[in-house]
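User: I have a model open and I am new to this. Can you teach me to read its features?

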Amino acid sequence: MESDLLHCLQGHFVISDVEVDVVEEAVDVTFGVANNLSYPVGGAHVMITVTHADRPTPIASWGSQALLTIPGGLLPGESMTTETYMYIEPRVQAMIEDPGQLSVLVEVESIANGDLISVRNGLWVSSWTEGPSGDGCP
């Protein structure tokens with residue numbers, strides 16, 4: 001089942017050490033990823049949502065391009081740190097007096113194997129080949 005595969009991928013392509021900062025006109029997010037799958041990962045599509053403690057809806061939400069193609073791939077057992085950002089309008093930046101009031105959710109939506117074939121069914125990113133690749137999840 002597709003939702004079981006996604007849940008398994010999220011459990012094996014692990015996001016960690018998420019940090020958020022506000023720089024001039026942007027929200028900057030840094031996080032680590034670890035490949036605990038049995039095959040190389042050539043790319044990952046991740047969604048990032050930044051919320052503010054005093055606001056009812058996210059202040060920023062985007063699909064990060066930072067991992068769409070991972071140079072050299074990420075072999076099983078390897079990890080890396082990446083950074084991504086999204087521009088925010090001055091009104092939103094003015095809301096943020098303390099970056100400590102922000103929370104960040106980084107979610108894996110899909111990954112591509114070392115040949116850049118989507119592991120999940122369908123085409124997730126234009127630079128990938130439509131899947132499923134058959135690699136699955138251990």
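Analyst: We will take the core, a sheet, a ring pair and some backbone angles in turn. Keep in mind that this is a predicted model.

User: Let us start inside. Which residues touch the most other members of the largest nonpolar core?

Analyst: Look for buried nonpolar residues joined through their side chains. Here the largest such core has 30 residues. Phe 13, Val 29, Phe 31, Val 50 and Ile 111 touch the most other members.

User: Which elements give two or more residues to this core?

Analyst: Two helices are on the list, H1 (2-12) and H2 (90-95). The strands are S1 (13-23), S2 (26-35), S3 (41-52), S4 (60-64) and S6 (102-113). S3 gives the largest share, five residues.

User: What is Val 50 in contact with, leaving aside its neighbours within four places in sequence?

Analyst: Val 27 and Val 29 are among its contacts. So are Pro 58, Ile 59, Ala 60 and Trp 62. Leu 102, Ser 103 and Val 104 complete the list.

User: Now the sheet. In what order do its three strands lie?

Analyst: Read a sheet from one strand to its partner. This open sheet runs S4-S3-S6, with antiparallel pairing. S4 and S6 each have a single partner strand, so one side of each is left without a neighbour in the sheet. On average, neighbouring strands are turned by 10 degrees against each other, direction ignored.

User: How many bridges link S3 and S4?

Analyst: Five, in the antiparallel sense. For one example, find Val 46: its bridge partner in S4 is Ser 64.

User: How many aromatic pairs are there?

Analyst: The count is one. The ring centres of Tyr 85 and Tyr 87 are 5.5 Å apart. Their planes stand at 85 degrees, and over 60 counts as edge-to-face, so that is the name for this pair.

User: Are these two rings' residues buried or exposed?

Analyst: Check the relative accessible area. Tyr 85 has 47%, so it is partly exposed. Tyr 87 has 57%, so it counts as exposed.

User: Last, the backbone. Which residues other than glycine have a positive phi?

Analyst: Asp 17 is one of them, with phi of about 50 degrees. Asp 17 sits in strand S1. Its relative accessibility is 62%, so Asp 17 counts as exposed. Leu 116 also has a positive phi, near 60 degrees. Leu 116 lies in the segment after S6.

User: Where is there a cis peptide bond?

Analyst: Go to Gly 131 and Pro 132, which a cis bond joins. Omega there is about 15 degrees. Pro 132 is in the segment after S6.

Key: Residues numbered from 1 in each chain as written. Predicted model: local features only at pLDDT ≥ 70, side-chain atom pairs only at ≥ 80, totals over all residues. Heavy atoms only, no water. Core = buried A, V, L, I, M, F, W, Y, C linked by side-chain atoms within 4.5 Å. Buried < 20%, exposed > 50% of the residue type's maximum accessible area, 1.4 Å probe, protein only. Helix = DSSP H or I, 4+ residues; strand = E, 2+ residues; numbered from the N terminus. Contact = heavy atoms within 4.5 Å. Pairing = 2+ DSSP bridges. Axes fitted to C-alpha atoms, helices over the stretch in contact; angles between N-to-C directions. Phe/Tyr/Trp six-rings, centres within 6.5 Å; stacked < 30°, edge-to-face > 60°.
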